[in-house]
Amino acid sequence: RQRGLICRYFREMDDTARARRALARDLQLAAAHGELELHYQLQTTLIDGKICGAEALMRWRHPKRGMISPAEFIPLAEETEAIVTMGEWALRTASRDAAAGRIPGTVAVNLSPVQFGREDLAETIHAILLENGLSPRRLEVEVTESTVMSDQSRGLHILRKLKSMGISVAMDDFGTGHSSLATLHAFPFDKIKLDQSFVKRLPEDAAAAAIVRTVLALGASLGMPVLAEGIETEAQWHFLAAA
């Protein structure tokens, strides 16, 4: 702010940016180098505990840094559009594992906003299913509210194409957006995924409990099953089973 002011430069000032650029370069080749992994989180019915499917979760095992958190590499992958190649790898791997009998029931795969924005998304998914011999009825794609709401008419067109193929569509992170009810009314979802931020506060938090009961009632009214993410305690399990 002062004319003629001299500031001293330290290399550490841009080390973070330099490291991020290096990580982005590594990420571009992660799928080709076999560094990506899919971990499967099982989904069960609360009535009898029967396994009904699994959600595919992408993980990156960096050759030097080891396991890198998805919270770090997924946003970077979306910024650089490396998520397109990584997303296709995830769909292909999950479909292959499900077709081979490694996963019971349906397999759920997340679609990023970048993938959802591609014109050939439905055709790409169709080709992957044919390649691996997996029935479309065993694939579920998960999209967030913000993904489909960015361009409503286009989003509706894509969802209808996927559903016409027999693929089911789940609304991910329900309750965290600003227009969830309008989105549920406008788009042909098959399932509501209750965000884990509510589940982890059960049953002690009265407000969270009220929200969960409301979402369950909404799902019942719309004829949509509700999947609760991140049940980790018996208290949470018993609350949801009772509700």
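This short talk covers a cavity, two aromatic pairs and some paired strands. One caution before we start: the model is predicted.

Let's begin with the cavity. The structure holds one cavity of 30 Å³ or more. Its volume is about 60 Å³. Which residues line the largest cavity? The lining is made up of Val84, Glu88, Leu91, Gln115, Arg118, Asp120, Leu121 and Thr124. Sort them by class, and you get three nonpolar, two polar and three charged residues.

Now, which elements do they come from? Two helices each supply at least two residues of that lining: α3, residues 83-99, and α5, residues 121-132. The largest share comes from α3, with three residues.

Next, the aromatic rings. How do we describe a pair? We use the distance of the centres and the angle of the planes. The count here comes to two aromatic pairs.

Take Trp60 and Phe73. Their ring centres are 5.8 Å apart. Their planes stand at 80°, and over 60 counts as edge-to-face, so this pair is edge-to-face. Where do the two residues sit? Trp60 is in strand β2, residues 51-62, and Phe73 is in helix α2, residues 70-80. The two are 13 residues apart, so to speak of the chain, the pair links distant parts of it.

Are these two buried or exposed? Buried means under 20% relative accessible area. Trp60 has 0%, so Trp60 is buried. Phe73 also comes out at 0%, and Phe73 is buried too.

On to Phe187 and Phe189. Here the ring centres lie 6.2 Å apart. The planes are at 55°, so the pair is tilted. What about accessibility? Phe187 has a relative accessible area of 4%, so Phe187 is buried. Phe189 has 6%, and that also counts as buried.

Last topic: the strands. We have already met β2, the strand that holds Trp60. Which way do β2 and β4 run, parallel or antiparallel? They run parallel, and three bridges join them. Strand β4 covers residues 106-110. Look at Gly53 for one example: Gly53 stands opposite Thr106 in β4.

Now step across from β4 to β5, residues 139-144. How many bridges join these two strands? Four, and β4 and β5 run parallel. Find Val109 on your screen. The bridge partner of Val109 is Val141, in β5.

To recap: α3 gives the largest share of the cavity lining, Trp60 and Phe73 form an edge-to-face pair, and β4 is joined to β2 and to β5.

Technical notes. Residues numbered from 1 in each chain as written. Predicted model: local features only at pLDDT ≥ 70, side-chain atom pairs only at ≥ 80, totals over all residues. Heavy atoms only, no water. 1 Å grid on protein atoms, 1.4 Å probe; cavity = no way out; pocket = protein on both sides within 12 Å on 5 of 7 lines; lining within 4 Å. Points joined across faces, edges and corners; volume = space filled by probe spheres on them. Nonpolar A, V, L, I, M, F, W, Y, C, P; charged D, E, K, R; others polar. Phe/Tyr/Trp six-rings, centres within 6.5 Å; stacked < 30°, edge-to-face > 60°. Buried < 20%, exposed > 50% of the residue type's maximum accessible area, 1.4 Å probe, protein only. Pairing = 2+ DSSP bridges.
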